[in-house]
Amino acid sequence: MPGLKVFICIPWFHPAFRAGGPVQSIANMVNQTGNDIQFRIFCGNTDLNNTTLENIKTDTWVNYNGNTQVWYASADKRSDSILKQVDIVKPDILYMVGIFSWHFNIVPFIFSKVATKIISVRGMLHPGALTQKRHKKQLFLKIARMFNLQKNAIFHATDEKEAVYIKNIFGEDIRVTIAGNFPRKLRPSPLLLKEPYKLKLLTIGLISPMKNHLLVLQSLKQCTSGVEYHICGPVKDMEYWQLCLAQIRDLPSNISVHYHGEVQPQSIEEYLAKAHVFILPSKSENFGHAIYEALSAGKPVITSFFTPWQNLETAHAGLNVELSEISIKNGIQVFVAMDETEFRSWRDSAVEYARTIINIEDIKLQYKNVFTVKN
């Protein structure tokens with residue numbers, strides 16, 4: 001595909017990191033797809049919390065890697081600029097990340113003159129995700145249908161399950177192409193001493209109801225052994241975080257909780273190295289980059305049945321648990337009770353699970369197929 005040009009519209013991009021998965025997914029994609037596709041990424045010049053990104057040039061194309069340039073748009077010029085730049089670049093494909101942004105999804109879909117428009121929903125149509133900010137999302141879906149998004153766009157799903165969610169919203173006749181997420185694989189962490197009936201837990205992720213921090217804290221209240229729980233990530237929902245803080249104050253003395261605030265991607269390995277087990281019982285995850293990175297670092301994972309990471313117990317790489325206090329508490333207790341020898345086996349199995357569950361060459365081929373689809 002020499003000379004193929006893909007114009008990506010996404011609200012946030014590196015060095016923004018607070019928006020989580022979609023930012024990492026697109027960064028991994030442009031870094032690993034290969035040099036036969038030229039990417040232009042159009043994004044905002046702020047992070048999720050509206051802080052202006054540092055050390056960037058605004059409203060001009062800047063180099064990101066050998067085949068990618070990024071345009072960090074000022075807030076007052078986004079809709080006009082995106083249409084102007086699409087017209088100048090004349091891409092083969094307009095690739096919109098998400099579905100609920102006026103500037104980065106709705107405007108380019110309705111007004112840009114590109115023959116092939118691909119919408120990558122990135123987990124946003126998962127039933128669990130649709131329960132958050134429900135009224136706003138219903139409005140955007142109504143607008144999308146009004147402008148025949150379901151007839152004039154190709155949808156990108158990251159797996160078969162997501163393809164079903166998309167069709168549940170827009171109908172069976174829509175066009176859906178499937179390509180998985182590119183992961184960021186970490187080196188296995190040095191083995192951390194594991195004493196029986198002591199455990200260090202870690203969660204990295206946006207603090208919001210979707211990630212279920214509060215349910216983890218409620219579950220820990222029932223644990224009788226010594227557990228350290230470390231939380232990393234920006235607060236997305238302050239009201240929810242206040243509930244978490246109230247629960248932390250009510251925990252027994254054998255449970256200690258440490259909040260480290262937001263963590264830059266380059267510091268994730270440091271925090272993983274100090275934990276035995278990674279816990280993230282999300283209500284939904286399109287991919288869960290933090291989960292994969294934890295597994296690749298040799299951290300067994302406790303997560304829900306609503307992520308792509310399944311059959312963890314069979315692989316001795318972690319546990320899938322129900323979203324209930326008792327189920328999460330029981331999952332934690334499994335690892336609490338382990339001694340050094342047993343835990344080492346689970347650690348090694350987590351690394352092996354991460355190594356074998358994803359084939360990068362297959363994903364590269366999937367994206368080449370996505371970017372050769374035509375309307």
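1. Arg-18, Asp-47 and Glu-262 are joined in a network of salt bridges, a salt bridge being a side-chain nitrogen of Lys or Arg within 4 Å of a carboxyl oxygen of Asp or Glu. The model is predicted, so local features need pLDDT of at least 70 and side-chain atom pairs count only at pLDDT 80 or more, while totals for chains, interfaces and linings use all residues. Residues are numbered from 1 along each chain as its sequence is written, and side-chain values use heavy atoms, with hydrogens and water left out.

2. Within that network, Glu-262 and Arg-18 form a salt bridge whose closest N and O atoms are 2.3 Å apart. The pair links distant parts of the chain, 244 residues apart: Glu-262 is in the loop between β11 (255-259) and α10 (268-273), and Arg-18 is in the loop between β1 (4-9) and α1. Helices (H or I, at least four residues) and strands (E, at least two) are DSSP runs, numbered from the N terminus. Arg-18 is buried, with a relative accessible area of 12%, whereas Glu-262 is partly exposed at 36%. Buried here means under 20% relative accessible area, exposed over 50%, and partly exposed in between (1.4 Å probe, protein chains only).

3. How many salt bridges does the count come to? The count by this rule is 13. Side chains of opposite charge can pair when their charged atoms come close. One salt bridge joins the side chains of Glu-269 and Arg-187, at 3.7 Å from N to O. Glu-269 lies in helix α10 and Arg-187 in the loop between β8 (175-178) and β9 (198-204), so the pair ties together parts that are 82 residues apart in sequence. Glu-269 counts as partly exposed at 29% relative accessibility, and Arg-187 counts as exposed at 63%.

4. Asp-250 and Lys-221 also meet through their side chains in a salt bridge, at 2.6 Å from N to O. Asp-250 lies in the loop between α9 (238-249) and β11, and Lys-221 in the loop between α8 (213-220) and β10 (226-232), so this pair ties together parts that are 29 residues apart in sequence. Asp-250 is partly exposed, with a relative accessible area of 43%; Lys-221 is partly exposed as well, at 40%.

5. Helix α1 covers residues 21-32; at 1.5 Å a residue its 12 residues should span 16 Å, and its end C-alpha atoms are 16 Å apart, which agrees. The expected span is 1.5 Å times one less than the number of residues. The buried residues of α1 include Val-23, Ile-26, Met-29 and Val-30, and also the polar-named positions Gln-24, Ser-25 and Asn-28. Just after α1, Gly-34 takes a positive phi of about 125°.

6. The largest nonpolar core has 53 residues, and those with the most contacts inside it are Ile-8, Ile-26, Met-29, Tyr-95 and Phe-371. A nonpolar core is a set of buried Ala, Val, Leu, Ile, Met, Phe, Trp, Tyr and Cys residues joined through side-chain atoms within 4.5 Å. Not counting residues up to four places away in sequence, Ile-26 touches Ile-8, Ile-10, Phe-13, Ile-41, Tyr-95, Val-97 and Arg-122, where contact means heavy atoms within 4.5 Å. A second, separate core of 34 residues includes Trp-61, Ala-163, Ile-166 and Ile-174.

7. A search of the whole structure finds 16 aromatic pairs. Rings of Phe, Tyr and Trp (its six-membered ring) pair if their centres lie within 6.5 Å; planes under 30 degrees apart count as stacked, over 60 as edge-to-face and the rest as tilted. The rings of Phe-42 and Trp-71 have centres 6.3 Å apart and planes at 10°, so this pair is stacked. Phe-42 lies in strand β2 (residues 37-44) and Trp-71 in strand β4 (residues 68-73), so the pair ties together parts that are 29 residues apart in sequence. Phe-42 is buried at 0% relative accessible area, and Trp-71 is buried at 9%. Ring pairs link Phe-7, Phe-42, Trp-61, Trp-71 and Phe-104 into a cluster.

8. Arg-40 lies over the face of Trp-61, at 4.9 Å from the ring centre. A charge sits over a ring if NZ of Lys or CZ of Arg is within 6 Å of the ring centre and within 35 degrees of the ring normal.
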